[in-house]
Amino acid sequence: MSVAGFKKQFYKASQLVSEKVGGAEGTKLDEDFKDLERRADITSKAVVEVLNKTSEYLQPNPATRAKLSMLNTVSKMRGQVKSPGYPQPEGLLGECMTKYGRDMGEETNFGGALTDIGESMKRMAEVKDSLDIDVKQNFIDPLQAVAEKDIKDIQHHLKKLEGRRLDYDYKKKRQGKIPDEEIRQALEKFHESKEMAEGSMYNLLETDVKQVSQLSSLVESLLQYHRQATEVMEELSSKLTERVTDAQSRPRREFTPRPKPVYDYGEVENSNGGYAPAAATPPVYSSAPAQYRGPSFQRTSIKSRPSEPCCKALYDFEPENEGELAFHEGDIITLVNRIDENWFEGAIRGKTGYFPNNYVEVVVPLQH
């Protein structure tokens, strides 16, 4: 630092101490300047606070908010940025629901509903990405430019004005010891700084049209987000309503334990007959009336066997357990055996398995 610069710093420090400690009065600024400074100060605080709160609104998570602040949109043309680079909570929820919906099977009501909601939540995440990028480009970045340029300029000029005021007041009180020319130069610099500070504050306050336009962009981005979100949710609601209606129209399914294997040792002449242990009651899948005629242990010879036993499917049947037989409404199923009062064993299209008797109508009964 030069000798002149050191002397100026000493003058300002001495004047500041005399004002703070000794109660000396400095040069007073006019009321118009004070009013301009007050309004500029409120505007500056509003810009900074609104910036912070807008970022918190978009991303309440501090870690994600830090990534949002690092998103560089200045060098990218609008529309090129498709993702801000961090996961949205809607997307994480959607991935979870989609995964388990597919694991359950989309053919089941619950699994299909989870998949539908999961896909919709992932679409919601994309809509939220668009909101973040639009608000960052059209509102946060322009306001950030105001904070980084206009507000910093005001702070710089006010700080310089205060320094020159202290320098002028120190020299003025020592008139006679300090040359008049030096005092005059200090006064000119003080007025120069005052004009520059007034100009910077006036420029900030006169950009309110631009600031209102930026607020309008924020509202438009929010409106677009809510429109798109409403479309996604309405479409999802319609899908779920259809699923509920379809589920209510299907026959009710109940669960009981699966049947135990039936051991039939066949006909043995001059014996007490075959042994068939009792089987546990298998699942009954519908509240439709069961076609049960009661067990009969009377056997007939192969030569006297009637036409092939069969039944007709009344409903579609989708297996839920291993060993069950799938069929569609109207199918003709060959009856192989009656497991118990609720279940048949049958064959169709080269496959054999179990099925509930209340899903079929017996055409040709089994002969026992």
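This report describes selected salt bridges, one buried serine and the paired strands of a predicted model.

**Salt bridges**

The count of salt bridges in the model comes to 26. Three of the pairs are set out below, each with the separation of its N and O atoms.

| Pair | N to O distance | Citation |
|---|---|---|
| Glu 31 and Lys 34 | 4.0 Å | |
| Arg 39 and Asp 35 | 3.4 Å | |
| Glu 119 and Arg 102 | 3.2 Å | |

Helix H2, which spans residues 31-58, holds both Glu 31 and Lys 34. These two residues are three positions apart, about one turn of the helix. Glu 31 has a relative accessible area of 57% and is therefore exposed, the threshold for that class being over 50%. Lys 34, at 37% relative accessibility, is partly exposed.

Arg 39 and Asp 35 also both belong to helix H2, with a spacing of four residues, about one turn of the helix. Arg 39 is partly exposed, its relative accessible area being 36%. Asp 35 is likewise partly exposed, with a value of 33%.

The salt bridge between Glu 119 and Arg 102 has its closest N and O atoms 3.2 Å apart. This pair links distant parts of the chain, since Glu 119 lies in helix H5 (residues 109-173) and Arg 102 in helix H4 (residues 89-104), 17 residues apart. Glu 119 counts as partly exposed, at 31% relative accessibility.

**The network and the surroundings of Lys 122**

Glu 119 and Arg 102 are also members of a network of salt bridges, in which they are linked with Glu 106 and Lys 122. Lys 122 is located in helix H5. With a relative accessible area of 21%, Lys 122 is partly exposed; a residue would have to fall under 20% to be classed as buried.

Beyond its neighbours within four places in sequence, Lys 122 is in contact with Glu 90, Gly 91, Gly 94, Glu 95 and Thr 98. For one of these residues, Gly 94, the backbone separation is also available: the C-alpha atoms of Lys 122 and Gly 94 are separated by 5.1 Å, although the two residues are 28 positions apart along the chain.

**A buried serine in helix H7**

Ser 221 is part of helix H7, which covers residues 208-249. Its relative accessible area is 9%, and Ser 221 is therefore buried, because the value is under 20%. When neighbours within four places in sequence are set aside, the contacts of Ser 221 are with Leu 131, Asp 134, Val 135 and Asn 138.

**Strands E2, E3 and E4**

Strand E3 (residues 343-348) pairs with strand E2 (residues 332-338) in an antiparallel arrangement joined by four bridges. Within this pairing, Asn 337 stands opposite Glu 345 in E3. E2 and E3 form a hairpin, with four residues between them.

Strand E3 is also joined to strand E4 (residues 351-356), by six bridges, and these two strands run antiparallel. Here Phe 344 is placed opposite Phe 355 in E4. E3 and E4 form a hairpin with two residues between the strands, and in this hairpin Arg 349 takes a positive phi near 50°. Strand E3 thus has an antiparallel partner in E2 and another in E4.

Conventions
Residues numbered from 1 in each chain as written. Predicted model: local features only at pLDDT ≥ 70, side-chain atom pairs only at ≥ 80, totals over all residues. Heavy atoms only, no water. Buried < 20%, exposed > 50% of the residue type's maximum accessible area, 1.4 Å probe, protein only. Contact = heavy atoms within 4.5 Å. Salt bridge = Lys/Arg side-chain N within 4 Å of Asp/Glu carboxyl O. Pairing = 2+ DSSP bridges.
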